[in-house]
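Visitor: I would like to learn how to read a structure such as this one, feature by feature. Could we take the general idea each time and then turn to the case at hand?

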Amino acid sequence: MTDGTWLNRDHEMPPGAELFRSDRRFFLEAYSASHGQLLLRSMEGEDALGRHHDTTIEILFKPVDALSIEAFLHGVTIRRATDDETSEIKGSLAGVSGDDVRVFLIDSRDTTGYVIARAVGWREGVLGRTLPSLFNGPSRYTPRWPHQPLFGLNTGLSEASAEELVQALRSPADERRERFRFVHVLMTRAAEGDGAKVAGSGVFLTREDAEEARAVLAAEIPDCWIEDLPVVL
């Protein structure tokens, strides 16, 4: 079960209003150039007051125009900047304008940072071992395992090497599965009765091997192709 809030209208977050507060530790988990997404995360465990939590909390800002925050935050308060604070921060930056571009102040310990974005939201729930983020789960529009915390361009930073694949097979079953490696599935479509049967004919660790196998198979089944699928490690 995941609880969430999404704020993108002025009446939901008037200037000066406190929007979110938590004593838990957060860190900068991901930034995606696609849609300018910034994700902060607090994993399960103890908060700054020594209390244990079984859930993960994630905070998402989008689209982000500018930011100035620490990578690690011990306790977080998010508030919409007042009109004077907004004018001061926007005035110090070039190219940041528009009434729908809001300034969110991030208070943590004795520091205050900011994120300039149009919307902010947060979700809290149990983050499964194979789920990269509460904000990027499976979708019927993209029926593949989401192998990174945020939707968008794949930087490849979470793609594992062959050695890491072998190590993952030896690791405990309860470890988080945050990395992946692509495998290459050779697919075929062949006539069967009044229709056609689509099937996987082989899985290959390298694209070169898959292409070689496809060339051999194409002599018998011309309608064949390769699909790249991520294996969760």
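Visitor: Which residues are buried in helix α1 (residues 83-91)?

Guide: A word of care comes before the reply, for this is a predicted model. In helix α1, the buried residues are Thr86, Ile89 and Lys90. When the helix is viewed down its axis, these buried residues fall within an arc of 95 degrees, so they line one face of α1.

Visitor: What does the face of α1 turned away from the buried side carry, and which strands do the buried residues pack against?

Guide: The face turned away carries the exposed residues Asp84, Ser87, Glu88 and Gly91. The buried residues of α1, for their part, pack against the strands β8 (102-108) and β9 (111-125).

Visitor: How should I read the salt bridges, and how many does the structure hold?

Guide: The general idea is that side chains of opposite charge can pair when their charged atoms come close. The structure holds 15 salt bridges, and one of them joins Glu85 to Arg79, with the closest N and O atoms 3.5 Å apart. As for accessibility, Glu85 is partly exposed at a relative accessible area of 25%, and Arg79 also counts as partly exposed, at 23%.

Visitor: Where in the chain do Arg207 and Glu211 lie, and how many residues apart are they?

Guide: Both belong to helix α3 (residues 207-217), where they are 4 residues apart, which means a separation of about one helical turn. Their side chains meet in a salt bridge with an N to O distance of 3.4 Å. Arg207 is partly exposed, with 33% relative accessibility, and Glu211 is partly exposed as well, with 29%.

Visitor: Which other residue of α3 is 3 residues apart from Glu211 and separated from it by about one helical turn?

Guide: That residue is Arg214, which is 3 residues apart from Glu211 in helix α3 and thus about one helical turn from it. Arg214 forms a salt bridge with Glu211, the closest N and O atoms being 3.3 Å apart, and Arg214 is partly exposed, with a relative accessible area of 30%. Salt bridges that share partners join Arg207, Glu211, Arg214 and Asp228 into one network.

Visitor: How many aromatic pairs are there?

Guide: For aromatic pairs, one reads the distance between ring centres together with the angle between the ring planes, and planes over 60 degrees apart count as edge-to-face. The count here comes to 4 aromatic pairs. Phe20 and Phe26 make up one edge-to-face pair, at 6.1 Å centre to centre and with 85 degrees between the planes. Phe20 is buried at 9% relative accessibility, and Phe26 is buried with a relative accessible area of 2%. Another pair, Phe180 with Phe182, is also edge-to-face, at 5.1 Å centre to centre and 80 degrees between the planes. Phe180 counts as buried at 0% relative accessibility, while Phe182 is buried at 18%, a value to be read against the cut-off of under 20% for buried residues.

Visitor: Which residue forms one aromatic cluster together with Phe20 and Phe26?

Guide: Trp122 does, and the three residues Phe20, Phe26 and Trp122 form one aromatic cluster.

Visitor: Turning to a single residue, is Thr56 buried or exposed, and where does Thr56 lie?

Guide: Thr56 lies in strand β6 (residues 56-68) and is buried, with a relative accessible area of 1%. Neighbours within four places in sequence are set aside when its contacts are listed, and among the residues that Thr56 then touches are Arg24, Arg41, Met43, Glu44, Arg123, Leu127 and Leu134.

Visitor: How many helices and strands does the protein chain have, and why is the chain described as more spread out than a compact globule?

Guide: The secondary structure comes to 3 helices and 12 strands. The radius of gyration of the protein chain is 23 Å, well over the 17 Å that the globule rule gives for 233 residues, and therefore the chain is more spread out than a compact globule. Along its principal axes, the C-alpha trace spans about 70 × 40 × 30 Å.

Visitor: What share of the residues is buried, and what share of the contacts joins residues 24 or more positions apart?

Guide: Buried residues make up 39% of the 233 residues. Among contacts with a separation of 6 or more, residues 24 or more positions apart account for 61%. The protein chain exposes about 13,400 Å², of which carbon and sulfur atoms supply 51%.

Notes:
Residues are numbered from 1 along each chain as its sequence is written. Side-chain values use heavy atoms; hydrogens and water are left out. A salt bridge is a side-chain nitrogen of Lys or Arg within 4 Å of a carboxyl oxygen of Asp or Glu. Buried means under 20% relative accessible area, exposed over 50%, partly exposed in between (1.4 Å probe, protein chains only). Helices (H or I, at least four residues) and strands (E, at least two) are DSSP runs, numbered from the N terminus. Rings of Phe, Tyr and Trp (its six-membered ring) pair if their centres lie within 6.5 Å; planes under 30 degrees apart count as stacked, over 60 as edge-to-face and the rest as tilted. The arc is that of the directions from the helix axis to the C-beta atoms. Contact means heavy atoms within 4.5 Å. The radius of gyration is taken over C-alpha atoms; the globule rule is 2.2 Å times the number of residues to the power 0.38. Accessible areas come from the Shrake-Rupley method with a 1.4 Å probe; for residues, only the protein chains shown count as cover.
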